Amino acid sequence: MFEKFGEAAMEVLYDAYGNARRFKTETVACEHILAALAMEHDTLAAEALAIMNISADNMLDEIEREMLSGKKKDIATAKFEVCNLDIEEVKFSFTARLILKRAREMRAFFGHRHVEPEHILLSLLDSREENCMKVLGELGANIIYLQSVI
């Protein structure tokens with residue numbers, strides 16, 4: 001599934017897995033991928049989010065707020081660790097898998113050799129995935145503007 005993913009896109013997926021682990025879940029969901037997109041600073045996706053003053057930190061805070069509304073706080077401290085995990089072993093939610101499939105389709109549509117973070121962000125924005133739209137909305141993102149920047 002990941003043979004056409006470029007190095008930056010793979011970093012996003014590993015960061016998304018780290019985000020999922022931070023929230024003590026083994027399944028990577030769309031919101032974990034969204035936050036990971038803001039973490040990779042040298043990408044078009046991160047630059048587009050930064051233009052709207054959306055950082056990985058404020059996105060993770062908003063995800064935490066959404067996930068824990070009415071629940072006991074159970075979030076692990078963020079750790080930076082070297083990931084020796086094969087990406088094929090990572091469990092992605094059904095919707096996250098659809099997003100990644102759509103990112104591969106966007107790569108082909110634009111005639112690019114590899115899936116890059118901007119393809120992933122465009123597929124998330126295009127999907128209008130509920131949790132991601134809620135997080136972006138709370139952070140004041142203009143979805144149409146984000147799409148046009150990319």
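Glu62 and Arg65 sit three residues apart in helix 4, so about one helical turn separates them. In this predicted model, the two form a salt bridge, with their closest N and O atoms 2.9 Å apart. Glu62 is a buried partner: its relative accessible area is just 4%, and anything under 20% counts as buried.

Helix 4 (residues 56–68) also supplies Glu64, which pairs with Arg22 of helix 1, 42 residues away, so to speak bridging distant parts of the chain. The N-to-O distance in that salt bridge is 3.7 Å. Glu64 and Arg22 are both buried.

Over in helix 5, Glu105 and Arg102 are three residues apart, again about one turn of the helix. They also make a salt bridge, but here Glu105 is partly exposed, at 37% relative accessibility, and Arg102 is partly exposed too, at 33%. Asp126 joins Arg102 and Glu105 in a network of salt bridges. The full count of salt bridges is five, and three of the pairs are set out here:

| Salt bridge | N to O distance |
|---|---|
| Glu62 and Arg65 | 2.9 Å |
| Glu64 and Arg22 | 3.7 Å |
| Glu105 and Arg102 | 3.6 Å |

Now for helix 6. Nine of the eleven residues in this helix (117–127) are buried, so the rest of the structure largely encloses it. The buried set includes Glu118 and His119 as well as Ile120, Leu121 and Leu122. Which helices do the covering? Among them are helix 1 (7–22), helix 2 (30–39), helix 3 (44–51) and helix 5 (94–109), along with helix 7 (130–138) and helix 8 (143–149). Right after helix 6 comes Arg128, with a positive phi of about 60 degrees.

Helix 7 has two sides to it. Cys132, Met133, Val135 and Leu136 are buried. Looking down the axis, these buried residues fall within an arc of 165 degrees, so they line one face of the helix. Glu130 and Glu138, on the other side, are exposed. At the N-terminal end, Glu129 acts as a cap, placing a side-chain oxygen 3.1 Å from the backbone nitrogen of Asn131. After the helix, Gly140 has a positive phi near 80 degrees.

Zooming out, the protein has eight helices and two strands, running α-β-α-α-α-β-α-α-α-α from the N terminus. Of its 150 residues, 46% are buried. Taking contacts between residues at least 6 apart in sequence, 67% join residues at least 24 apart. The accessible surface is about 8,300 Å², with 48% of it belonging to carbon and sulfur atoms.

Note on methods. Residues numbered from 1 in each chain as written. Predicted model: local features only at pLDDT ≥ 70, side-chain atom pairs only at ≥ 80, totals over all residues. Heavy atoms only, no water. Buried < 20%, exposed > 50% of the residue type's maximum accessible area, 1.4 Å probe, protein only. Helix = DSSP H or I, 4+ residues; strand = E, 2+ residues; numbered from the N terminus. Contact = heavy atoms within 4.5 Å. Areas by Shrake-Rupley, 256 points an atom, 1.4 Å probe, with all protein chains shown as cover. Arc of directions from axis to C-beta. Polar contact = N/O pair within 3.5 Å; in protein donor to acceptor, adjacent residues only side chain to side chain. Salt bridge = Lys/Arg side-chain N within 4 Å of Asp/Glu carboxyl O.
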